[in-house]
Amino acid sequence: MDYAAVRTREENILALRSFLLEGPAAWESLQDELQVDDETAAGYMSLLYGAFCVAVRRRFSPRYTVGEIVQFVADVRVAAGEDVSLISSLVAEDMIRHVVGAPPPDDGGSDDVRAVLYAEVYILLYLVGEADFDRAGLEQFIDEATTYTEQWLAARQSEQAGQR
């Protein structure tokens, strides 16, 4: 992926807001707009990842235990009901550990994009529900996620520039 062309655009922010308020069904109606090209899709996926990171850090920083992460993932899986099979415990735990800077589980991590995306989406929606944001709180969260994402993208762009 050439991160130099990826930007956090207004349509990405609007799509994230809809997703957080209405769930995955809201994203389906926006798919054509978000997948116009790789950079637009990457902008949205980067913002989704940024929101995930901000939500995880809010929940688990500055202190956490591995047991709390394990219990949290179990709670997310229970809340998923029929969709529990979509959420890999190891992938979800690994993703949370990565965000908070904890060592990865011995057998964690996954290259399966679907497993990572499902874990990210379910955890993010669970954390947003748990936070029970009012309108101002949700806007503050989206602003924080946008700022985090822009910094994350700038770091990826710097890395790529340094490799050229």
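This passage describes the nonpolar core, the aromatic pairs and the helix H7 of a predicted model.

The largest nonpolar core comprises 41 residues, and those with the most contacts inside it are Leu-20, Phe-52, Val-56, Ile-96, Ile-123, Leu-124 and Phe-141. Two or more residues are given to this core by each of helix H1 (10-22), H3, helix H4 (66-79), helix H5 (89-100), helix H6 (113-131) and H7, with H3 giving the most, at 11 residues. The surroundings of Leu-124 can be listed in detail: when residues up to four places away in sequence are not counted, Leu-124 touches Phe-19, Leu-20, Leu-48, Ala-51, Phe-52, Ala-55 and Phe-141. Leu-20, Phe-52 and Phe-141, which are among these partners of Leu-124, are also named among the core residues with the most contacts.

Aromatic contacts were examined next. The structure holds 5 aromatic pairs. In one of them, the ring centres of Tyr-49 and Trp-152 lie 5.4 Å apart with the ring planes at 55°, so the pair is classed as tilted, given that the edge-to-face class requires an angle over 60 degrees. This pair links distant parts of the chain, since Tyr-49 belongs to helix H3 (residues 38-60) and Trp-152 to helix H7 (residues 135-163), 103 residues apart. Tyr-49 has a relative accessibility of 19% and therefore counts as buried, the limit for that class being under 20%. Ring pairs further join Tyr-49, Phe-52 and Trp-152 into a cluster, and Phe-52 is in addition one of the residues with the most contacts inside the largest nonpolar core. A charged side chain also meets an aromatic ring, in that Arg-59 lies over the face of Phe-60, at 5.0 Å from the ring centre.

Helix H7, which carries Trp-152, has 29 residues and reaches 42 Å from its first C-alpha to its last, close to the 42 Å expected at 1.5 Å a residue. At the start of H7, a side-chain oxygen of Asp-134 comes to within 3.3 Å of the backbone nitrogen of Ala-136. The buried residues of this helix are Gly-137, Leu-138, Phe-141, Ile-142, Ala-145, Thr-146, Tyr-148, Thr-149, Leu-153, Arg-156 and Gln-160. In an α-helix, residues three or four places apart point the same way, because there are 3.6 residues a turn.

A further position was considered in helix H5, where Leu-90 lies. Leu-90 is partly exposed, with a relative accessible area of 33%, and its C-alpha atom is separated by 9.1 Å from that of Val-73, a residue 17 places away along the chain.

Conventions: Residues are numbered from 1 along each chain as its sequence is written. This is a predicted model: local features need pLDDT of at least 70, side-chain atom pairs count only at pLDDT 80 or more; totals for chains, interfaces and linings use all residues. Side-chain values use heavy atoms; hydrogens and water are left out. Rings of Phe, Tyr and Trp (its six-membered ring) pair if their centres lie within 6.5 Å; planes under 30 degrees apart count as stacked, over 60 as edge-to-face and the rest as tilted. Helices (H or I, at least four residues) and strands (E, at least two) are DSSP runs, numbered from the N terminus. Buried means under 20% relative accessible area, exposed over 50%, partly exposed in between (1.4 Å probe, protein chains only). A charge sits over a ring if NZ of Lys or CZ of Arg is within 6 Å of the ring centre and within 35 degrees of the ring normal. The expected span of a helix is 1.5 Å times one less than its number of residues. A polar contact is a pair of N or O atoms within 3.5 Å; within protein, one must be able to donate a hydrogen and the other to accept it, and residues adjacent in sequence count only if both atoms are side-chain atoms. A nonpolar core is a set of buried Ala, Val, Leu, Ile, Met, Phe, Trp, Tyr and Cys residues joined through side-chain atoms within 4.5 Å. Contact means heavy atoms within 4.5 Å.
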